[in-house]
Every structure is written in structure tokens, then in C-alpha cells.
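Student: Please take a close look at one part of this structure, the aromatic side chains and their surroundings, and explain how that part is set within the whole. A connected account in formal terms would be most useful.

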Amino acid sequence: MGKAQKRTFKSRTNPLGTATVPGAATAVESKDDVPVLLKKLSSIDASDRVWAAASASNLLMSDDEAVRRMLLSNNVISALVERLSDSVPDVVVQVSGALYNLAAVDHGAAVEISRRNIYGAIQSLIPRLATSIDGIIKNNEEGQRLGDDGRKMVLLTTDNMLSLLRVLCETVPASVKQVNDMALIPFVISFFKVADRLPPSLVQTAGQFLHTLTDENTAAKRTLLGHGDAVNVLCNVVKAQQLGAETSADDTAVVRMLAGAVLMNLKDVAIEQLETEADKRGADVSAEDAQVWDTMTRAVLEIVSGFISFDPHEAAARALHLAETIPVADVIAAPEASKQEMELDRLGARMDYIQMALELAANIFTDEGASAEDAEKAESELEDTVEPADGNGSDDDMGENEDEEDDDAEHEDGGDEGEAEHEDSRDADFDADDMNDVLCDEGAAKKETEEAVRQSVLGVFIDAIVPALLRLAEPTEAMKCAAESARLASVAEDFAALNERALGCFNNFLLVIEESLKPWFRMHADRVDAWWRFLIGVAERLVGSDANADPAAADRRLRYMVLDRAIGCMWTLARGVGGEVPATPDQIEGLIFVCSTAPDHALRVKAVGVLGNIARRQPGHVDANRRIGLFLVDHVITASLQAAAQPGGTCAAVEPVAEALDLLFDIYGDMAYDYDEPVFVREKLLPRLRQMLAPMRSLCKTVDRRKHRSLRDRCDLATQNLRAFIEYKATERK
């Protein structure tokens, strides 16, 4: 389990308004036009420089790859960086926007930009921008001198530069240190102090920048924590219900969430600093200091909860309508975006922020979970009073299990008579009062666990976050449009990504419960059943009639992208409850279909994991166990080993095979299981396992230990365990 994948922000229409230039080029007639355009970037005529910068921006963002390559081969990046020092604000706006847009869509260009002294060029502009922004806020002589157009240029330039630096930090790892050295934090944090007097989009850009800069960047975290009242400023923004009379509720929510995201990035270093200071005093971190961060975490989750209360089906329908009705003329000729395009961009930006909210929620829960101390105590007490739901044990240590079996056999054969008499006496002394005591202890343990949950971040997740996650995880009609026009396909991608991120966040939630508070699952079987049915519904909708689908179809790619997350959630849930999920025969067949048709081995491993855990259910699920057990043996393991043994066979099947074997060891680890005799014995699985030993050794040899060490180690371990398991099962019934 790890943190959610970092969300990057898409380059969209600038919400402050684009600085359009009439007559700027949108195409070139020949390659000879490019040097002419670049030459005008250094013209002594300011209007030529503005035109050239705007034209370069248009051409770099066009769909014509050949034109972009011509510009890049003619050293357009150096020319643009040089013009950042231009004395004409219009030129600087166009140049900074062009560099930002280019870096956002072209990783190679981003690397090249980072090599061209971009950091020094931007840093030289900061004092002037800071003075101008201060004048705008105070409306003093400097601010009034700028006029409306000048103020717009200053704000646009600042927005573009912070966006460019953010993109460089996201795409060029080496740039993080360079940005750290620019000491921009005082400049950027000042925006949050006057968030009610700046355009919300600029404050949001500042928040995106700080969130990216402080992600796994200890130096930046320490700088921000050590900068005056920066933490208090961000906390005040998180607590604010309204940033200004003219700031919309949606814009306020975005700024609050970004401030909270930055604080959550700082939290680990802040707690570490508190602990270090407390150690120096020979004391513990004060409850008051710790409570500040706990309170802020809950406040951020409340913001996230409100932000993700979003109807994806309604939004998808609106987005598809907008994408279908954007005037063609606007796309081709008009420099300004159409109303439909602007609304679609706003909706896309909202979805970007929702995905960031999901990332934030997933990371908070991963970092926080339930209180570790309370969870461990509650789990320990509950384990003493509640039998495992599946009744199955783990056979990871085969020798230990064999010793236990031998001990049991000795008792069955008579064993120590004194010990037997003692057991009989103890059984006779156990009366109704003792049973009541046990039930009271069980009830107390459950109550304590419930209280720990209620007081923890888990409680907030269950009540506020999970219901919203499940709504966002439902596939929409947009997915069917993946193979349509570019705009419709983009809408389909956006909503599929939203489904994927929501399911990923839900899986983080399930993983934390599995690792820290597993008894909670057993206490809430109704929730487990409901979540299982929901995930099955998502999977059924995604798979549909996929048997005849084109494997290369765009919508199939998106469906399986989301399906991978849904099956991953099923695996975590089934594993957490020992397979005790309400899987029906039809659902088992559906999972077998997914496993058989999975486009990659990662999804196949997850499907195998779900099936293997379902197979552990007992008593009363012999037929299901037989269907799954034989499928794992015949189709996942044997068929894969046979394919790998053919000329040209590869090691690609190692992970599904190893996972299936590990599950078989658990499923058939004890002859006392009600399905062991009718399935493992009668279906003659032991001879089949013996036949796998030699092919498994051969499969291991196909994995290059130098290139794939962990995979080779897993294959070797599976082979060793297979040999031990065969020996164990061969003597188990003797």
C-alpha cells in the first residue's frame, strides 16, 4: 500500500482571460516562414515582438506536429526565454504563456526549457511582479498607474510563471532543487494572505504550485514551516467559509482544498519537528500541539467531502452535449474559445480538482488510518473473543502447521490422560454464567472498537467520504464515446480517469482497514455485502458483452483500465474478510471470464486473488471451491506452464502462476476443511501438483535474476513451497 499517484493538472483555458493578439499566425505556409517569425521576436518594434510571441504560442499549441518540430529545431525555446526580460508586458505575457503551454504538453520541451536558464529569467521578474501585485491589492499609485490592461498583464504573467514552474517540478525532477533555490515561498504564500482581493484562479495556481513543490520535498516543507506565520495563514484559509464577496462557493472550495493539501504535505515534517523539540525537553508532544494537526486533518476531509459531492452521470451528459455542439469555426479559426468550449474547460478543471481531492483523501487515510494504538488494542481483544469469520488458518509456515497437526493427532489417540482429564474438568466447569461473561467481553470489545472508529479518521471516511467515492466510481455513458471525435474521446478519458481514481481511493480505505482494523469487517458484514454487490455491479457494467469486442477498441481500453481498479477493490475486500463475500455462481463465472480475457497479467493476478479468496469459504461452498480450484490448476497454472514451455515462451505468466499457487496452499492447507476431501482428494489435485514441479523449475530459469530479481525470487519461493506442500499433503491423511 502506498500513496495515491500524484495528480498533475491539465493545461486548460486561462481563467483570467487570454491575451489575444489580432492577426497572430495560426499556421505557416512553408518552413521558410519559421525563421522570419523568430526574427521578429527580437525586432526593435514592440508590436512585432508581441505578434511573434503570440504566433509562436499559437503554433506550438497547434495540432501540427511538423510545425512544432520546425519551431523547436530553430531554437524557439531560447528565443522565448530571452524575451522574458522584455520591457513590454504584452510580450512577457505571450512568452510566459507559450513556455507554460509547451512544457505542459511536451516532456522533451520541458527538459529543454529547464536547461535554458529559465529559473534565473523568472527570478529576475519576481521583484517587479511583487511590487505590482502589492500596488494592485492596495490600489496605490503603482496599482493605479498600471491601469486595467496593465493589472491584467501582471496577473496573467504571474499565473503563467507559477504554472510553468509547477509543470517543470512535475515533469523534470532535477528542477525541484532549482525551484527550491529560487526562494519563492514568501512571494507565493503572500497570495493566501490576501486571497479575498486577488482573482481566485491566481490563488488556485499558487496553491497548485505549493502543493507540487512540497510533495516529498523535505527542504521546501521545512522552508514553509519556518516562514513566519505561513502555517497559520494556510489554516485560516482552510477554516474560511467565504474568501470574498465576489468569490464563488466553488472557487472558495478549491482554494480551501489546495491550502489543506499543502498543510497535509507539511504534516509529517511538522510532527517530526514537534517530536524532536519534545525529546529535547524530555517530554511528549503536547496534546494541544498534536490536536492542531488532527483538527486540521478533519477540516480538510470535510472540505474534500463537500467537493466530491458530484453527480458524474449528470456531468458526463452535459460534457458530451458541449463537446458535440462546439462550433467547428471556433475550433479552427477563432482565437477565443467558444462559450461551449469555455464551459467544457471549466467542467474539466472541476474534474481535475475532484481527482486531486480523491488523491488527498486517499493519502490522508493512508497516513492517518485509525489510531494505531486503539486499533491494535481493539483487534487484540476482539481476536480473543470472536472466532475468525472464515474459520480458516494460514499455512504460510508449513512446518508449524504440521507440528500442530501432530499434537492434535496425539490428543486424538489418547495423549496425556491427565491433560485430557483436566480438559474434561475445565469443560464441565464452563457454565451459563461463563458464557455470559464471554458475551459481555465480546460486546465490550466491539463497543471499544466502534468507539475507536468513531473517533478516528476512519469514522469520517465511512460516514462522509465512502458514499461519495462509490457515486464517483460508477461508469458513465461517456465511456462509450472513446472511439468518437477527439473532443468526445477526451471527455471519455476524463470520466474514466475519475472512475479509476475514485476506486483507487476506495481501495486505500479497504487496505487500511485490512491492515489496521480487520475486526471491523466482521462487525459490519452488511457493509461488506453492500460494497461487494456495488463492485460486482461496476464490473458487470464494464465487461458487458466483451466476448466479441475488438481488443484494440478505445472504449475497451478505458473499460479495462477502470475494471482493473474495481477488481483490485474486490481482492482487498475478499482478502480482508477471508473470502466471506456473497459471491454467486454467476459472479464467479464472471470473474473467471475476466481472468481468462484480461489484457495484461496485472489484472489477471487480481482476478486470481479474488477467486482464490472466494474459494476459501466454508462450510457449504464445495461446488464453488471445485469450480475455482480446478480453474486455477488447469487454466491459470497448467496452461501457463505449457505455454511457457513452448518455443519462444516467456516468463510473462510468472506472477499469475505464483499467485495461484500461493492461494492453493492456503485453500487446501487443512484436510479438515469441508471441501478438501471432495475436491482436493477426489479431483486428484495432488498428482497434478506433482506434474507441475519440473515445469515450475523451468519457468524460474526463464526469469533473468539480474533484470527481474523480485520476480525470480517469487518464482523460486513458489517452487520451493510447492515441493513442501506436495510432501505435506502426501502425508496429511496417513
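**The aromatic cluster and its setting**

Tutor: Phe365, Phe461, Phe506, Phe509, Trp520, Phe521 and Trp531 come together as one aromatic cluster. The model in which this cluster appears is a predicted one.

Within the cluster, Phe461 and Phe509 form a stacked aromatic pair, with 6.0 Å from centre to centre and 5° between the planes. Phe461 belongs to helix α24 (residues 457-473) and Phe509 to helix α25 (residues 486-516), so the pair ties together parts that are 48 residues apart in sequence. Phe461 and Phe509 are both buried.

Another member of the cluster, Phe506, can be followed through its contacts. When neighbours within four places in sequence are left aside, Phe506 is in contact with Val466, Leu469, Leu470, Trp531, Leu535 and Cys569. Phe506 and Phe509 also stand out in the largest nonpolar core, which has 241 residues: together with Leu84, Ile118, Phe192, Leu263 and Trp532, they touch the most other members. As a general background, nonpolar side chains in soluble globular proteins tend to be buried together.

Helix α25 also takes part in a charged contact. Glu514 forms a salt bridge with Arg575, and the closest N and O atoms are 2.6 Å apart. Glu514 lies in helix α25 and Arg575 in helix α28 (residues 554-576), so this salt bridge ties together parts that are 61 residues apart in sequence. Glu514 has a relative accessible area of 13% and is buried, whereas Arg575, with a relative accessible area of 25%, is partly exposed.

A second aromatic site offers a contrast in geometry. The count of aromatic pairs comes to 15. The ring centres of Phe187 and Phe191 are 5.1 Å apart and the planes meet at 70°; because planes over 60 degrees apart count as edge-to-face, this pair is edge-to-face. Phe187 and Phe191 both lie in helix α11 (residues 185-193), where they are four residues apart, about one turn of the helix. Both Phe187 and Phe191 are buried.

The buried residues of α11 are Ile185, Phe187, Val188, Ile189, Phe191 and Phe192. These buried residues pack against α8 (126-138), α9 (141-171), α12 (200-213), α13 (218-225), α14 (230-239) and α15 (249-281). Phe192 is also one of the residues that touch the most other members of the largest nonpolar core.

Helix α15, one of the partners of α11, includes Ala261. At 1% relative accessibility, Ala261 counts as buried. Residues up to four places away in sequence not being counted, Ala261 touches His211, Met356 and Leu360. Ala261 and Ile364 are 103 residues apart in sequence, and their C-alpha atoms are 9.5 Å apart in space.

Aromatic rings also meet charged side chains. Arg350 lies over the face of Phe307, at 5.0 Å from the ring centre. Lys729 lies over the face of Phe680, at 4.6 Å from the ring centre. Lys729 is, in addition, part of a network of salt bridges with shared partners that joins Asp676, Lys729, Glu732 and Arg733.

Other salt bridges may be set beside these sites. The structure holds 38 salt bridges. One of them joins Asp662 and Arg714, with the closest N and O atoms 3.4 Å apart. Asp662 lies in helix α32 (residues 654-667) and Arg714 in helix α35 (residues 709-732), so the pair ties together parts that are 52 residues apart in sequence. Asp662 is partly exposed, with a relative accessible area of 26%, and Arg714 counts as partly exposed at 25% relative accessibility. Glu112 and Arg115 form a further salt bridge, in which the closest N and O atoms are 3.8 Å apart. Glu112 is partly exposed at 23% relative accessibility, while Arg115 is exposed, with a relative accessible area of 62%.

These sites belong to a protein with 35 helices and zero strands. Of its 734 residues, 51% count as buried. Among contacts between residues at least 6 apart in sequence, 78% join residues at least 24 apart. The protein exposes about 33900 Å², and carbon and sulfur atoms supply 48% of that area.

Key:
Residues are numbered from 1 along each chain as its sequence is written. This is a predicted model: local features need pLDDT of at least 70, side-chain atom pairs count only at pLDDT 80 or more; totals for chains, interfaces and linings use all residues. Side-chain values use heavy atoms; hydrogens and water are left out. Rings of Phe, Tyr and Trp (its six-membered ring) pair if their centres lie within 6.5 Å; planes under 30 degrees apart count as stacked, over 60 as edge-to-face and the rest as tilted. Helices (H or I, at least four residues) and strands (E, at least two) are DSSP runs, numbered from the N terminus. Buried means under 20% relative accessible area, exposed over 50%, partly exposed in between (1.4 Å probe, protein chains only). A charge sits over a ring if NZ of Lys or CZ of Arg is within 6 Å of the ring centre and within 35 degrees of the ring normal. A nonpolar core is a set of buried Ala, Val, Leu, Ile, Met, Phe, Trp, Tyr and Cys residues joined through side-chain atoms within 4.5 Å. Contact means heavy atoms within 4.5 Å. A salt bridge is a side-chain nitrogen of Lys or Arg within 4 Å of a carboxyl oxygen of Asp or Glu. Accessible areas come from the Shrake-Rupley method with a 1.4 Å probe; for residues, only the protein chains shown count as cover.
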